[in-house]
Amino acid sequence: MSSTSRTLSSSPRTAPHSAFSCAWCGRTASTLADDGTQRRHCPSCLRLEHVPDPADGGSGDCGGRMSPIAVAVPRTGCWLVIHRCVRCDGLTSSPAHVDDNQLMLMQLAVRPLAQPPFPLEAFGDL
């Protein structure tokens, strides 16, 4: 893969201090987040490309779009953005960063409360 196509990818696969252009929203972002950690997703739209994850030993190389579907908060307290691939339905997570779009993160966090799987009137009977 040429360095030009890597730069246009939404997934930062280039040198640690480089930038990438999101293939979905067009924003250019650094591969390093403001907190100094490696960024895997676009800080604006929170999307990424389904590429091999070094921690998983290279699984997930279909190249599909990974859309953010939820946030998870493990016991450590650090938020994780959960992504699902629109091509293969694979799931992955990446840590949320300080400079990520806060509105998008909150929309993902409150979605289960805004769209519960049962009527909220059921709590009135308890």
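In strand β6, serine 93 is the bridge partner of isoleucine 82. That pair belongs to a predicted model. The chain has 126 residues, of which 28% count as buried. Its secondary structure comes to two helices and six strands. This briefing covers the sheet, then a cluster of charged residues, then two residues with positive phi.

**Overall layout**

- Along the sequence, the chain reads α-β-β-β-β-β-β-α.
- The chain exposes about 7,700 Å². Carbon and sulfur atoms supply 57% of that area.
- Take the contacts between residues at least 6 apart in sequence: 34% of them join residues at least 24 apart.

**The sheet**

- Four strands make an open sheet, ordered β3-β4-β5-β6, with antiparallel pairing. Its edge strands are β3 (48-49) and β6, each paired on one side only.
- Helix α2 packs on this sheet and touches β4 and β5 (80-85). The direction of α2 makes about 65 degrees with that of β4.
- At one edge, β3 pairs with β4 (residues 65-72) over two bridges, in the antiparallel sense. Here glutamate 49 stands opposite arginine 65 of β4.
- At the other edge, β5 and β6 pair over five bridges, again antiparallel.
- Strand β6 has two faces. Thr92 and Ser94 are on the covered face. Leu91, Ser93 and Pro95 are on the uncovered face.

**The salt-bridge network**

- The whole structure holds two salt bridges. Arg39, Asp99 and Asp100 are linked in a network of salt bridges.
- One bridge joins arginine 39 to aspartate 99, with the closest N and O atoms 2.6 Å apart. This pair links distant parts of the chain, 60 residues apart. Arginine 39 is in the loop between β2 and β3, and aspartate 99 is in the loop between β6 and α2.
- The other bridge joins the side chains of arginine 39 and aspartate 100, at 3.3 Å from N to O. Aspartate 100 is in the loop between β6 and α2, 61 residues from arginine 39.
- Arginine 39 counts as buried because its relative accessibility is 1%, under the 20% limit.
- Aspartate 100 counts as buried because its relative accessibility is 3%.
- Aspartate 99 has 23% relative accessibility, so it counts as partly exposed.

**Around aspartate 100**

- Apart from neighbours within four places in sequence, aspartate 100 is in contact with Arg39, His41, Pro43, Leu46, Pro95 and Leu105.
- A polar atom of the aspartate 100 side chain lies 2.8 Å from the backbone nitrogen of histidine 97.
- Aspartate 100 and alanine 33 are 67 residues apart in sequence. In space, their C-alpha atoms are 8.6 Å apart.

**Around histidine 97**

- Histidine 97 sits in the loop between β6 and α2. It counts as buried because its relative accessibility is 6%.
- The side chain of histidine 97 reaches the backbone oxygen of proline 95 at 3.3 Å.
- Leaving out neighbours within four places in sequence, histidine 97 is in contact with Ala33, Asp35, Thr37, Gln38, Arg39 and His41.
- Arg39 and His41 are among the contacts of histidine 97, and both are also listed for aspartate 100.

**Two residues with positive phi**

- Leucine 46 has a phi near 65 degrees, a positive value in a residue other than glycine. Its place is in the loop between β2 (28-30) and β3.
- Leucine 46 is buried because its relative accessible area is 0%. Leucine 46 is also one of the contacts of aspartate 100.
- Aspartate 89 also has a positive phi, about 65 degrees, although it is not a glycine. Its place is in the loop between β5 and β6.
- The hairpin of β5 and β6 has five residues between its strands, and aspartate 89 belongs to this hairpin.
- Aspartate 89 is exposed because its relative accessible area is 56%, over the 50% limit.

Key
Residues are numbered from 1 along each chain as its sequence is written. This is a predicted model: local features need pLDDT of at least 70, side-chain atom pairs count only at pLDDT 80 or more; totals for chains, interfaces and linings use all residues. Side-chain values use heavy atoms; hydrogens and water are left out. Contact means heavy atoms within 4.5 Å. A polar contact is a pair of N or O atoms within 3.5 Å; within protein, one must be able to donate a hydrogen and the other to accept it, and residues adjacent in sequence count only if both atoms are side-chain atoms. Two strands pair if DSSP finds at least two bridges between them. Axes are lines fitted to C-alpha atoms, for helices over the stretch in contact, and angles run from 0 to 180 degrees between N-to-C directions. Buried means under 20% relative accessible area, exposed over 50%, partly exposed in between (1.4 Å probe, protein chains only). Accessible areas come from the Shrake-Rupley method with a 1.4 Å probe; for residues, only the protein chains shown count as cover. A salt bridge is a side-chain nitrogen of Lys or Arg within 4 Å of a carboxyl oxygen of Asp or Glu.
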